[in-house]
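Got the viewer open and a selection box ready? Here's a short walk through the model, stop by stop.

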Amino acid sequence: AELRSAGVDARPGADLDEESLLSGIDLVVASPGVPPSRGVLVAAVASGRPVWGEPELAYRLAEGRTRFVGVTGTNGKTSTSELIAACLGVPAAGNIGTPLVSLLAGPEPPPLVVAELSSFQLHFTDALSTQVGVLLNLAPDHLDWHATAQAYADDKARVWARQPHDGVAVVNRDDEQAVAVAARRPPAGQLVRFTLGAPEPDEVGVTDGVITARLSGRDLEIAATDQLAVSGPHHLANACAAAAAALCAGAAPADVTRAITAFRPGPHRLELVATLDEVDWVDDSKATNPHAAAAALAAYRSVVWIAGGLDKGLDFAPLAPLVAERARAVITIGATGPDIAELARSAGVRVVEAGTIDVAVPAAAELARPGDTVLLAPACASMDQFTDYVARGQAFRSCVEHLRRPQPTERV
């Protein structure tokens, strides 16, 4: 109704007549949530009309006045994009929350921007070119949108598909799938890798507890790993990726050191929300796939794991060894709760099928022991019970806060 009052012909998607809708239309711009299998997009492609995503539109509106550092991967995109932007002192936009068009459509767009790019957004790109394109990791995700893991991987590789010969692709040496994508769809420019091991030339890695960059014939010590404000291998990998990308984009080493040691991830990303009776309560609602949940589980020794949500066609089976090793109990919620419960039982772990967050949190409080971490890392999307992962994380926090409050004493 709001769009119609502004003079826009707005129609419900269920009522579309593609033929009449596309009559007289030169260009289709697709919201990233709309899969390419939807009728209007299929019809547009079949008719030869260009279909762009919002980042492609923004890139063209900038008319070459803005260089892009593009960041993609299954997990860690937002934190790494924020890290790179802090290293360079430039804005971050895209899938991170701020639309790229809001930065680039004006008369004076910024000369450099860090763009977090999802596979959805990359699918409908054509001209978009990154000066530095980062692939953090790759594991099956969003198969309900892409249909196959191969299609998902191919869209991720588009982050450097139009890169100039003087561009740089930054790839995770430790991730077999990311390395395979770079080999199958090689970038036109330089390949720089990052690793949690000792770096070789053209790599950023860790030597004797120090993040070290071996780039352009120089060896630079960036920061000691114990200087980082966030622990865990996943964050360390993000820091190495950010250092590589920022240095390749022209950041001063001192600025990279300052940003990496000061950085703290945003809410709902391994966020410690409370410590109650020597039990840590951690919100990783952003862990919307098994790959992210695995990284979260690996960060703690003894876990009461809260998991479940909307199924995206993903396989939870690879989590079984880690669940058996790290989880003392598993509490399930949401539509995929029964599947995750079955996996946990097969791993010999105690299970409570809570169904909802408000039941799961008190159940976790009963099971947790001093030294445990109660970890919300759902391994699923949130839209079966919540509007998004933020609402899910806030519900978790609210329930944990309720545990803090003294309960009323029942009168006899």
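**Stop 1: a strand pair and its sheet**

Start by selecting threonine 332, which stands opposite glutamate 353 in β16. Before going on, note that this is a predicted model, with local features needing pLDDT of at least 70 and side-chain atom pairs counted only at pLDDT 80 or more, while totals for chains, interfaces and linings use all residues. Residues are numbered from 1 along each chain as its sequence is written, and side-chain values use heavy atoms, with hydrogens and water left out.

Add alanine 329 to the selection: its bridge partner in β16 is arginine 350. Now show the whole of β15 (residues 327-333), which pairs with β16 in the parallel sense over 5 bridges. Strands here (E, at least two residues) and helices (H or I, at least four) are DSSP runs numbered from the N terminus, and two strands pair if DSSP finds at least two bridges between them.

Bring in helix α15 (residues 337-346), and you have a right-handed β-α-β unit made of β15, α15 and β16. Right-handed means that, with the strands pointing away from you, the path from the first strand over the helix to the second runs clockwise.

Next, widen the view to the full sheet: 6 strands, open, mixed in pairing, in the order β12-β13-β17-β14-β15-β16. β12 (271-276) and β16 (350-355) are at the edges with a single partner strand each, so one side of each has no neighbour in the sheet. On average, neighbouring strands are turned by 20 degrees against each other, direction ignored.

Then select helix α17 (residues 389-404), which packs on the sheet and touches β12, β13 (279-283), β14 (303-307) and β17 (373-376); contact means heavy atoms within 4.5 Å. The direction of α17 makes about 15 degrees with that of β12. Axes are lines fitted to C-alpha atoms, for helices over the stretch in contact, and angles run from 0 to 180 degrees between N-to-C directions.

**Stop 2: a cavity**

Which residues line the largest cavity? Select Thr125, Asp126, Leu128, Arg158, Ala161 and Arg162. A cavity is a set of points on a 1 Å grid over the protein atoms alone where a 1.4 Å probe fits but cannot get out, and lining residues have an atom within 4 Å of a point. The volume is about 30 Å³, meaning the space filled by probe spheres set on the points, with grid points joined across faces, edges and corners.

How values were computed:
On a 1 Å grid over the protein atoms alone, a cavity is a set of points where a 1.4 Å probe fits but cannot get out, and a pocket is an open set with protein on both sides within 12 Å along at least five of seven lines; lining residues have an atom within 4 Å of a point.
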